[in-house]
Amino acid sequence: MLDALSAPGDVAAWAATVAPGAEVVGPLAVIDPAAVDDAGRIDLLVAFERQIAWLHAAQQRVLAELDGSALNWNGKQRIDYTQEQVGAALRLSPGHAADRLAVGRTLVDRLPATMGLLEGGEITYLHAKKLAEAVVSFDTKATGEIEERVLRRASDQTVGQFSAGVRRAVIAADPRRAEQRHTDALVQRRVVITPQEDGMAELWAWLPAEGAALVKTVLDSLATTKTPGDGRVIDQRRADALVDVFARVIGDPTLPEHHGHRPSIHVTIAASTLLGCDELPAELEGYGPITAATARRIATDETGTWRRLLTDPATGQLLEFGRTTYRPPQNLADHVIARDRTCVFPHCRRPARHCHLDHREDWCTGGETCQHNLHPLCERHHYARHNAGWHITRTQDGAYHWTAPTRHHYTVHPPDDS
């Protein structure tokens, strides 16, 4: 400690080269970056990066021990809820938590040399993760060959360079025919939408090559024609054409309904904001907060339908159906979906309109069909509540309080409309 205060530059240089570990963290933590020169600051960056890698390695061992530990058996199904446990604890979606668990298990069980480099601070977690994800489908012998080949230069490579090396090693080690690999990859096809800043979103798709070529061909064709006065560049016209294709499809009367409604874009906005009395943010389902101006612009779309959800402030009778029915009537379902917006399990983002409307106090034991006793849960988390030991309560402020089988507690706050 004393050395770090009196000679911070020397300690930083030492920490940048020695093996990371608990004895290095203390001296590093007391160094003020302003107390060293630029060379010392570079040493500090390297030292902290190596310590982070060491901590990541330790975390992988914890994840590997947790993986598969939350199995539930009810005589019919065996489901592992470890990803829910980890996701709730680390503020991750269950899917992201499942990925972390799989990487941890693979690194600890199948990639010992990679774990050694990670513990020694020679590579980063991103390097290790790329390799772990790449060897999932390989047997022990092939995995060892791939690991040996890609680690030769790993400590000197960027993540991009390392990833390219992993791909080359995978191709060289895979004895299967290319068509079989393509068949395996097809199973993973998916579309992902990720909210971004400034009212924008990223649309990402994992598609077979011919499917991607078809999409590109259609978009190129639609974007080629440029009318006089059209100031959009080709990329902008492609983006607009993609939206236009789906704008036409949403009018198809054969599209499946959810909770009694045809597929639609849901925007929640205060009446005062819609009327221009204030500028409170609105909420676009599946995206998040949007500006008041954007919401009002959507409201002017002549093809749109606005639906009010109002209750009697004195009796609330519109939304209270007591014991007369188990299935929520349409206006009650609409209210609960609009109120909660997503599955109310910690960090799950599945839209409420694709979820079960679950009775918090079971209907068969006296629970009522009312707004205070209903909440949306996706199929997996509906099962978790009823069969895997997760418990839920709701407080007057609209927050949901979950207790995991491990007795850890998590709070899901109501949507923030401020």
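Buried here means under 20% relative accessible area, exposed means over 50%, and partly exposed covers what lies in between. Please keep in mind that the model is predicted.

Q: Is arginine 105 buried, partly exposed or exposed?
A: Let's start with its setting: arginine 105 lies in helix α6. Its relative accessible area is 28%. Buried needs a value under 20% and exposed one over 50%, so arginine 105 is partly exposed.

Q: How far apart are N and O in the salt bridge between aspartate 67 and arginine 105?
A: The rule asks for a side-chain nitrogen of Lys or Arg within 4 Å of a carboxyl oxygen of Asp or Glu. Aspartate 67 and arginine 105 meet that rule through their side chains, with an N to O distance of 3.4 Å.

Q: How many residues apart in sequence are the parts that aspartate 67 and arginine 105 tie together?
A: The side chains of aspartate 67 and arginine 105 form a salt bridge. Aspartate 67 sits in the loop between α4 and β1 (71-73), while arginine 105 belongs to helix α6. Aspartate 67 is itself partly exposed, at 27% relative accessible area. Because the partners sit in these two places, the parts they join are separated in sequence by 38 residues.

Q: Are glutamate 283 and arginine 341 buried or exposed?
A: A salt bridge joins glutamate 283 to arginine 341, with 3.2 Å between the closest N and O atoms. Glutamate 283 lies in strand β6 (residues 282-284) and arginine 341 in the loop between α16 and β8, so the pair ties together parts 58 residues apart in sequence. Glutamate 283 has a relative accessible area of 13%, and for arginine 341 the value is 9%. With the cut-off at 20%, glutamate 283 is buried and arginine 341 is likewise buried.

Q: Which helix holds both aspartate 235 and arginine 238?
A: These two side chains meet in a salt bridge with an N to O distance of 2.8 Å. Aspartate 235 counts as exposed at 53% relative accessibility, whereas arginine 238 counts as partly exposed at 27%. The residues are three places apart, about one turn of their helix, which spans residues 234-249 and is α13.

Q: Which residues are linked with Asp235 and Arg238 in a network of salt bridges?
A: By the rule used here, the count comes to 18 salt bridges. One of them pairs aspartate 235 with arginine 238. The network around this pair takes in two further residues, Lys216 and Asp220.

Q: How many residues of helix α5 are buried?
A: Helix α5 runs over residues 82-90 and is mostly covered. Its buried residues include Thr82, Gln85 and Ala88. They pack against α4 (38-66), β2 (78-80), α6 (94-110), α17 (379-387) and β12 (409-412). Of the nine residues in α5, the number buried is seven.

Q: What phi does arginine 91 have?
A: Most residues other than glycine have a negative phi. Arginine 91 departs from that pattern, having a positive phi although it is not a glycine. The residue comes just after α5, in the loop leading to α6, and counts as exposed at 67% relative accessibility. Its phi is about 60°.

Q: In which loop is the place of histidine 347?
A: Histidine 347 is another residue with a positive phi, about 70°, although it is not a glycine. At 31% relative accessibility, histidine 347 counts as partly exposed. Its loop lies between α16 (330-340) and β8 (356-359).

Q: Which residues is glutamine 157 in contact with, leaving aside its neighbours within four places in sequence?
A: Glutamine 157 belongs to the loop between α9 and α10, yet at 17% relative accessibility it counts as buried. Arginine 152, in that loop between α9 (140-150) and α10 (159-173), counts as exposed at 63%. With sequence neighbours set aside, the contacts of glutamine 157 are His127, Val150 and Phe162.

Q: Which residues form a positive surface patch?
A: Patch members need over 30% relative accessible area and no salt bridge. Arginine 152, at 63%, counts as exposed. It is joined in the patch by Lys130, Arg149, Arg153, Arg167 and Arg168.

Q: What is the area of the nonpolar surface patch made by Ile42, Leu45 and Val46?
A: Valine 46 is found in helix α4. At 37% relative accessibility it counts as partly exposed. Together with Ile42 and Leu45, Val46 makes a nonpolar patch of about 280 Å².

Technical notes. Residues are numbered from 1 along each chain as its sequence is written. This is a predicted model: local features need pLDDT of at least 70, side-chain atom pairs count only at pLDDT 80 or more; totals for chains, interfaces and linings use all residues. Side-chain values use heavy atoms; hydrogens and water are left out. Patches are made of residues with over 30% relative accessible area and no salt bridge: like charges are joined within 9 Å, nonpolar side chains (Val, Leu, Ile, Met, Phe, Trp, Tyr) within 5 Å. Accessible areas come from the Shrake-Rupley method with a 1.4 Å probe; for residues, only the protein chains shown count as cover. Lys and Arg count as positive and Asp and Glu as negative; His and the chain ends are not counted. The place of a charge is taken as NZ of Lys, CZ of Arg, CG of Asp or CD of Glu. Helices (H or I, at least four residues) and strands (E, at least two) are DSSP runs, numbered from the N terminus. Buried means under 20% relative accessible area, exposed over 50%, partly exposed in between (1.4 Å probe, protein chains only). Contact means heavy atoms within 4.5 Å.
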